Every structure is written in C-alpha cells, then in structure tokens.
Amino acid sequence: MDSARLDANVFKAILDALDEGIHVVDETGRTMFYNRSAARMEELDASEVIDRHVLEVFPSLTPATSTLLKVVRSGKPIINQQQTYTSFKGRTVTTVNSTLPLLVGGRVVGAVEVSRDITLLRKMSEMIVDLRAELLGKNSAGDGSPGPRLFTFDDFVGEDPRVLALKAKAGKAARTSSSVLVSGETGTGKELLVQAIHSASRRRGGPFIAQNCAAVPETLLEGILFGTARGGFTGAKDRPGLFELADKGTLYLDEINSMPVDLQAKLLRAIQDKTIRRIGDTVERRIDVRIIASTSIDPAEALAKRELRADLYYRLNVVHLAIPPLRDRRRDIPPLVGYFIGKFNRELGLCVERASPDAMGRLVSYHWPGNVRELEHAIEGAMNLVEGNVIEVWHLPASLLGSDGRRPASDVGGEDGTRKAAAQGLPFALKQSVADHERNLLVTALESTGGNVSRAARLLGIPRQTLQYRLKRLGIATHRTGDRN
Ligand SMILES: Nc1ncnc2c1ncn2[C@@H]1O[C@H](COP(=O)(O)OP(=O)(O)OP(=O)(O)O)[C@@H](O)[C@H]1O
Ligand SMILES: [Mg+2]
C-alpha cells in the first residue's frame, strides 16, 4: 500500500473539511496549498491561486501589506490579526488571521496562514454599535424622547456603615474624571453605582455607555471599542467605536478581566494618552472619556490569575470601590425590602405594606448568592402571589425556604432560618419579632385547619393545651382565624 500518497490525500481531505481557511506559500511567495474554506472566503477557485504568486492573485496587496510575505521575510508569526477586504465578487469580508513561518532545519521555507471568517459576527457587532449610536443621537437631539433614566445615588439603598462610606467615596470620585474600578459579586449593584457616579459628575450631560467585555467574542471587542477603518482600497466607510461614541461621557467596561490581555494593553494606552486609533487606521483621535471598569471577582484574584494586567490594574485602581455582598450587610435587607415593595407597588399597581416579621426573618437570614438582584426578584415574585397587603413566608421563592417547602402548615418548629437569624441579632426588636413569629405560626396553623384547635396542635406538633395557652397569651381568639393584619 502506498501509505505516503494515502497520507497526503487524507491530509488534504482533512484540511478541506476545516472551517478555517488555510493558505500556504513557499519562500518565494508562491502558493503551495489553498484549502476549500480559503477558496470560499475569497470567492476564488483553488486553481486560480495554486502555483501563482500571492501578489499576482491579490493585486491590492503589496510586499509590505501581505502578511504571508511579511512572515516569510521576518520568520516571525503574526497572531490573530483582523483584516477586512473586498472579495473578487465585491463582498466585504472580515477575517481573523494567524500567519506562521514554516521552518525546516531552522530555515524559513514558507508560511502558512489560518483564517477565520467573522464577517457575520462583525456585522452583528456593527449593528450593535449603530443601534447605540442611534439611541444616543436621539437622546441628545432634544427631540423630546427622554433618554433612559440613569440611576443616581438616591437609588442606592443601604444603611450599613460600609455602604455609607462607599457612597461617600463614590460621591467624591464623581467630582473628577479619574478611572474607577468597581468590584462586587453579581447583583451587588455595580452598574447602579457606576451610573450614579456618572449622573453626579460633570459628564452627566454626555453619554453613558456600558459594555460587558465577556458578552462579545474576543475578536470583536476591539472593533466595538475602538472602531474600524477599512483598507484604503475598499472605499468602504470607516466606523467609530464606543470610545468615540462615549466622547464627553462615561464608558463602563464590565467584567474587564474577560478582556484579552493584549487589548487591555491597548485600553491602558488609550486611558493614558487620551487618544485612540481605529483598527486599520493610521490617524490618532483625541477622546475625552471617563473609564469605569468592574469585576465580579476580587481584583487581586484577577491579577493573580493573570486575567487582569498589572499595569492596567494600577491605572484603574486609582479609585477602588468594593461593594460588599448582601449577606455581609444584612441590616440593609429590611430597607431594601421596603424599597422594592414600593417599586413593585407602583409597577404592578398593588398596595402591599410590608413583609411579615416571619417573612422578613427569612429574608434577613438567607445567604443571597445573587445578592440584591436576587432579593429584588424574590420580592417581585412574592408580590405576584400576595393576596392581602403583607408578604408572608409562603409567598417567598422555594430557594429561600430550603427543604421545608412553602406551605404555611409545614412552616413549623425546627431550627429554621428565622431562628438562626434571630440568634444573629436582627435589626428589629427581637422580642417583638419572636412574638410576631409565633403569632404568625399559630394563626397560619389555625387557618389551614379551618380554626380547628386540635388539628392545628397536631400540625404544630404540640399538645392541644399548650396551643390553647399560647393562643390565649397572645390574645388570639380561636373563633377568629382570618387574616389578623
Ligand atoms: N443598593 C441598592 N439599592 C437599590 N437597588 C439595588 C441596590 N443594589 C442593586 N440594586 C438593584 O439590583 C439589581 C442588580 O444591580 P446591578 O445590575 O447594578 O448589579 P451588578 O453588580 O451590575 O450585577 P452583575 O454583576 O450581575 O452585572 C438592579 O435592578 C439594581 O437596581
Ligand atoms: Mg452589571
């Protein structure tokens, strides 16, 4: 069996099956291999390319602009370079290319270029930038359409001393244009705080633009932020990026540690020089943008994991605002609950007054992995279930209640969250809270048995006499089992 020839054919079939375009030239710049995907991207036939010199096939290229020829000359790879060109049939194509030298015995015998077609992705990112530009244009045109209302410091609810200190620090930072780094777990209010800083700053009349660096493919982020210029030969329009759109305003870069580190270097230069350069462009543009970045992990950890460049970190960290997780500032929970009840009363047209002490106990003692956002959703969910004007335990999401479910009757006894919370010292009168808790339990048990004391006692797992005694002491009349609020 001619295994050498078989290998070559199999090898070619494999390369043709790849999504990536592969283009190989020898040391003179003559094409030796050109796979099917490369032909598809460039809308050429392999036969038009093979055995011909690249400059002959691509007349718009020069020895200085052809990456293949550059790599053959220098012997150094060019990694992840974005390129936009017009194909022979007039289609605008954007690719990300990596070009590597082919070395045999230490000598450069050619180069291979691997290309990924990101035209569609690129179109999507351009649409995103266009839509934002349109939105901003409308809002600043004074055509009567109000822009999205941005949060202010008043919207940041909290009484914990650390939160008060944080707000004070953020308020001071609002007077300058220094870079700011905000950190806090998911849902702790990073974007709220960043918007508040913008709203309190002299830039409040300018745009506020937020971009999550983890939300778009890495290869597109650079174009989205810095904009793009097409090669002079295409005649296509250049495009601004978010930096230019945010001129005189604030650019919020969320999950900054998801930004590729070489782009982080470019960001650092933009912050330091106050200029940017669109991809593929030669001109520097002055920009006046305040950068606020955030991470949902501890920045020191991002630094240690090399997700965040040290030089950028020190630049951003001029002002660091760390928002503590909700479970570390439980005294903020009751005011937040009140705030969200008010908010959803307005939105849902309800007139809920409060959470019952028992429900509040659960809310205060829960560990809130999703922080304030999770609390907000819990209250919204409860308000969709509530019948009267008080949020009860069984209106709360199951995740909060643990394994004991949401039925009122099963809400009995045991070392539940409320008791643990009570032991931790709650921000409301403990004695009153325990009495309220007990009253709620008893009333709930009676309600669910239709006022039958014996069955309620069995449900609660206590003797009937004990229940009767407690009902009397708490002034609960057994013939009245309705809502006592
Ligand atoms: N202290 C607060 N007072 C009032 N509302 C708050 C507070 N903190 C957060 N919220 C609300 O909680 C929700 C989540 O806040 P935000 O989007 O700012 O969090 P985030 O830290 O940016 O979250 P993520 O990391 O998931 O993007 C928002 O609806 C916000 O208005
Ligand atoms: Mg956010």
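In this predicted model, helix α14 passes α15 in a right-handed crossing. The pairing involves I333, P334 and V337 on the α14 side, and M360, L363 and V364 on the α15 side. Sorted by class, the residues joining α14 to α15 come out as 6 nonpolar, with no polar and no charged members. As for geometry, α15 covers residues 357-365, and its axis lies 10 Å from that of α14, at an angle of about 115°.

A second partner of α14 is helix α16. Here α14 spans residues 333-348 and α16 spans residues 371-385; their axes come within 9 Å of each other and cross at roughly 50°. An angle of that kind falls outside the parallel, antiparallel and perpendicular ranges, and α14 and α16 are therefore oblique to each other. The crossing of α14 over α16 is right-handed. On α14, the residues that make this contact are I333, L336, V337, F340, I341, F344 and L348, while α16 brings V372, L375, E376, I379, E380 and M383. The contact of α14 with α16 holds 11 nonpolar residues, no polar ones and 2 charged ones. It is worth keeping both interfaces of α14 in view together: I333 and V337 take part in the contact with α15 and also appear in the contact with α16.

The same two helices, α14 and α16, return at the ligand. Ligand 1 is surrounded by 18 residues, and the closest are V157, G189, K190, E191 and V372. Two or more residues of this shell come from each of α8 (190-200), α14 and α16. V372, one of the closest residues to ligand 1, is also among the α16 residues in contact with α14. In terms of domains, both domain 2 (121-324) and domain 3 (329-473) supply at least three residues to the shell around ligand 1. Its make-up by class is 6 nonpolar, 7 polar and 5 charged residues.

A further helix pair is formed by α20 (residues 453-460) and α21 (residues 464-473), which pack with their axes 9 Å apart and at an angle of about 105°. This angle makes α20 roughly perpendicular to α21. The α20 side of the contact consists of V453, S454, A456, A457 and L460, and the α21 side of R464, L467 and Q468. By class, the contact between α20 and α21 has 5 nonpolar, 2 polar and 1 charged residues.

Note on methods
Residues are numbered from 1 along each chain as its sequence is written. Chains are lettered from A and ligands numbered from 1 in the order in which they are written. This is a predicted model: local features need pLDDT of at least 70, side-chain atom pairs count only at pLDDT 80 or more; totals for chains, interfaces and linings use all residues. Axes are lines fitted to C-alpha atoms, for helices over the stretch in contact, and angles run from 0 to 180 degrees between N-to-C directions. Helices (H or I, at least four residues) and strands (E, at least two) are DSSP runs, numbered from the N terminus. Angles under 35 degrees count as roughly parallel, over 145 as roughly antiparallel, 65 to 115 as roughly perpendicular and the rest as oblique. A crossing is left-handed if the near helix is turned anticlockwise from the far one by less than a right angle, and right-handed if clockwise. Two residues are in contact if their C-beta atoms, placed from the backbone, lie within 7 Å. Ala, Val, Leu, Ile, Met, Phe, Trp, Tyr, Cys and Pro count as nonpolar, Asp, Glu, Lys and Arg as charged, and the others, Gly among them, as polar. A residue is near a molecule or strand if its C-beta atom, placed from the backbone, lies within 6 Å of it. Domain bounds come from an automatic or database domain assignment.
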